[in-house]
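Work through the exercises below with the sequence and the model side by side. Try each task before reading its solution.

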Amino acid sequence: MGGGSVGSSVAGDDDELSCPICMDVTDDAFAAACGYQLMPVDPQDTKEHIKATDNKQHARSLEPENECFQKLKNFDVSTTATDRPSSLVGGSCCHCGQRILLRSHETPRQRAQQEKVEELSDDGHMMDLLQKIDCLRLGSQDTSQTGPHTAMEGPVLRKEETGYDSMKREGCPSGFKDFKSMLSSFMEYSQLKVIAELNNGVHVGSWKVVSSIELNKDEELFGTAGISKTIEVFHFSSVVNGTAAGHGPVAKISKESKLSCLSWNKYMNNQFAVSDYGGIVAVHDAATSQSMIQFKEHDNRVWSIDFSHTEPHLLISGGDGCKVKVWSTKQEASVLTIDMRASICTVKYDPGSSVYLAVGSADHNIYYYDLRYVSEPVHKLKGHGKSVSHVEFSSSNNLVSASIDSSLRLWDIKKCAPLRVFRGHSNTKNFVGLSSSGDFIGCGSETNEVVVYHKDFSRPAAWHSFDSPCTGHAGKTADVCFVSAVCWKRDSSVMLAANGQGIIKVLALPFQQM
């Protein structure tokens with residue numbers, strides 16, 4: 001880091017921090033490439049220094065072609081500061097008297113501190129986080145506030161201190177890297193709280209992978225669909241508050257094929273759609289358990305479906321046939337088809353529009369389409385190393401994606417650029433689910449765990465193990481030991497999760513209020 005900085009290898013003894021003319025040790029030393037020290041640019045100070053050393057004539061007699069300036073040509077010398085002001089200093093060479101601008105020479109201690117900051121150059125958000133923490137703690141000094149203090153524990157900061165200064169004063173290890181490490185360690189080992197659990201008759205070796213789990217519009221019901229060819233609808237409150245005997249589904253629908261995805265209508269509490277391995281997309285009424293309409297244009301397995309957030313009758317689907325289809329519950333034929341070159345693993349409507357959608361593909365890319373102009377995508381997001389299994393809109397301009405390269409990525413859609421890569425879960429083969437709520441992102445893992453990330457940290461913030469009895473077993477039994485679906489309650493710290501054995505759990509973040 002910081003290669004090429006002047007003085008990066010200079011030791012801290014007095015001989016190397018002294019002026020080569022008067023031999024006085026300088027308080028703030030600066031070094032020229034010629035080996036001579038530079039003094040801060042102050043015409044009066046420079047004049048007095050040269051006069052005091054009786055070297056004014058010598059400084060004037062030197063020309064820019066001399067050895068001093070020949071060496072300076074090999075250094076980053078400029079008459080205008082184009083970098084950050086703090087990284088350039090002006091000075092006068094004590095050997096020749098010429099005024100120049102060049103980078104500051106730092107003491108070993110200063111350099112060590114700078115290197116720690118540079119190591120976190122990809123985590124500039126840490127600076128903002130420290131400022132927020134400082135504000136919280138400074139706020140605790142306001143005696144006009146009533147009620148209990150909610151500020152962070154510890155000594156109150158003096159207002160002139162930065163986060164880094166406070167860490168030094170309070171005895172913390174120096175540098176932002178140490179602070180980040182402490183905070184990450186605290187969060188990484190936070191376990192999610194178990195609020196409720198549905199075993200649903202699960203036994204060792206059972207094959208009841210829950211492919212999809214989702215809450216309805218008012219979050220009173222949630223539905224599950226999976227390879228057991230069964231749709232089940234539960235009352236959320238009865239699962240959380242009831243006894244084990246009261247956890248049965250309020251609706252149960254059997255289908256002919258394995259099920260891959262379930263999506264609730266965003267306007268109608270009892271209406272949902274499911275897709276299956278036979279290529280059928282069907283819309284059902286949860287109150288009557290009856291099928292309302294079926295769409296049969298896909299020739300291959302359909303992996304993903306999603307209802308529009310703005311148009312109640314519209315939904316989209318995509319699968320192995322390399323086609324995205326737009327459907328209307330008012331007609332059996334598709335409204336629109338987008339032909340793509342690879343299998344489609346996931347589709348998602350932009351929550352703020354009925355014409356924009358994201359498509360995750362087996363070609364490792366994410367495509368953002370405008371349905372009014374489908375000949376080319378508006379954006380193509382590249383970065384994953386394998387198939388993109390899930391996409392989820394976390395805000396109006398941010399998209400989260402999951403891939404079987406064992407990573408999640410947060411994207412800025414308008415800039416078509418990644419904001420952060422999240423690693424800490426295992427995912428090389430299966431659909432493990434993806435869901436976001438506010439600052440938190442949840443996904444499953446092939447270690448039979450639920451993993452939660454905070455959008456500002458690349459490492460896990462919390463996790464929960466399903467502690468399945470199949471742990472350590474081989475063969476088909478071990479294949480179902482993964483978390484297969486997750487779903488956050490809207491604007492809440494509570495989430496639903498299910499695994500390959502059909503176990504469903506209601507979980508909550510440990511460091512937030514319920």
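The exercises go from the whole chain to single residues, and the model they use is predicted.

**Exercise 1. The overall make-up**

Task: State how many helices and strands the protein has, and what share of its residues is buried.

Solution. Start with secondary structure. The protein has nine helices and 33 strands. Next, take burial. Of the 514 residues, 47% are buried. Then turn to the surface. The accessible area is about 25,000 Å², and carbon and sulfur atoms account for 48% of it. Last, look at contacts between residues at least 6 apart in sequence. Of these, 50% join residues at least 24 apart.

**Exercise 2. Strand 33 and its partners**

Task: Find which strands pair with strand 33, and decide whether strand 33 is enclosed or open.

Solution. Begin with the strand itself. Strand 33 covers residues 504–508, and five of its five residues are buried, so the rest of the structure largely encloses it. Now separate the two faces. In a regular strand, side chains alternate between the two faces of the sheet. On one side of strand 33 are Ile-504, Val-506 and Ala-508; on the other are Lys-505 and Leu-507; all are buried.

Then find the partners. Strand 6 (residues 193–198) pairs with strand 33 in the antiparallel sense, over five bridges. Strand 32 (residues 494–499) also pairs with strand 33 in the antiparallel sense over five bridges. Use Leu-507 as the marker. Val-194 stands opposite Leu-507, and Met-495 also stands opposite Leu-507.

Now check the connection. Strands 32 and 33 form a hairpin with four residues between them. Gly-502, in the turn, has a positive phi of about 90°. Finish with Lys-505. This residue lies over the face of Phe-466, 4.8 Å from the ring centre.

**Exercise 3. The edges of an open sheet**

Task: In the open sheet of five strands, identify which strands stand at the edges.

Solution. Write down the order. The strands run 5-30-29-28-27, and their pairing is mixed. Read off the ends. Strand 5 (190–191) and strand 27 (434–437) each have a single partner strand, so one side of each has no neighbour in the sheet. Now look at one end in detail. Strand 27 pairs with strand 28 (residues 440–445) in the antiparallel sense over four bridges. Within this region, Ser-435 has Gly-442 of strand 28 as its bridge partner.

**Exercise 4. An aromatic pair**

Task: Describe the geometry of the pair formed by Phe-222 and Phe-234, and place both residues in the chain.

Solution. Set the scene. The structure holds ten aromatic pairs. One of them joins Phe-222 and Phe-234, with 5.2 Å between centres and 20° between planes. Apply the cut-off: planes under 30 degrees apart count as stacked. The pair is therefore stacked. Now place the residues. Phe-222 is in strand 8 (residues 221–226) and Phe-234 is in strand 9 (residues 230–235), twelve residues apart.

Check burial. Phe-222 is buried at 0% relative accessibility, and Phe-234 is also buried at 0%. Extend the picture. Ring pairs link Phe-222, Phe-234 and Phe-236 into a cluster.

**Exercise 5. A lysine and the loop after its strand**

Task: Is Lys-325 buried or exposed, and what does its side chain contact?

Solution. Locate the residue. Lys-325 is in strand 17 (residues 323–328). Its relative accessibility is 6%; the cut-off for buried is under 20%, so Lys-325 is buried. Find the polar partner. The Lys-325 side chain makes a polar contact with the side chain of Glu-297 at 3.1 Å. Beyond its neighbours within four places in sequence, Lys-325 has contacts that include His-298, Leu-315, Ser-334 and Thr-337.

Move on to Ala-333. This residue is in the loop between strand 17 and strand 18 (336–339). It is partly exposed, at 40% relative accessibility. Ala-333 contacts Glu-297 and Trp-327, its neighbours within four places left aside. Compare sequence with space. Ala-333 and Phe-295 are 38 residues apart in sequence, yet their C-alpha atoms are 7.1 Å apart.

**Exercise 6. Positive phi outside glycine**

Task: Where do Ser-289 and Cys-322 lie?

Solution. Take Ser-289. Its phi is near 65°, a positive value in a residue other than glycine. Ser-289 lies in the loop between strand 13 (281–285) and strand 14 (290–295). At 26% relative accessibility, Ser-289 is partly exposed. Now take Cys-322. Its phi is positive, about 60°, although it is not a glycine. Cys-322 lies in the loop between strand 16 (314–319) and strand 17.

Technical notes:
Residues are numbered from 1 along each chain as its sequence is written. This is a predicted model: local features need pLDDT of at least 70, side-chain atom pairs count only at pLDDT 80 or more; totals for chains, interfaces and linings use all residues. Side-chain values use heavy atoms; hydrogens and water are left out. Helices (H or I, at least four residues) and strands (E, at least two) are DSSP runs, numbered from the N terminus. Buried means under 20% relative accessible area, exposed over 50%, partly exposed in between (1.4 Å probe, protein chains only). A polar contact is a pair of N or O atoms within 3.5 Å; within protein, one must be able to donate a hydrogen and the other to accept it, and residues adjacent in sequence count only if both atoms are side-chain atoms. Contact means heavy atoms within 4.5 Å. Rings of Phe, Tyr and Trp (its six-membered ring) pair if their centres lie within 6.5 Å; planes under 30 degrees apart count as stacked, over 60 as edge-to-face and the rest as tilted. A charge sits over a ring if NZ of Lys or CZ of Arg is within 6 Å of the ring centre and within 35 degrees of the ring normal. Two strands pair if DSSP finds at least two bridges between them. Accessible areas come from the Shrake-Rupley method with a 1.4 Å probe; for residues, only the protein chains shown count as cover.
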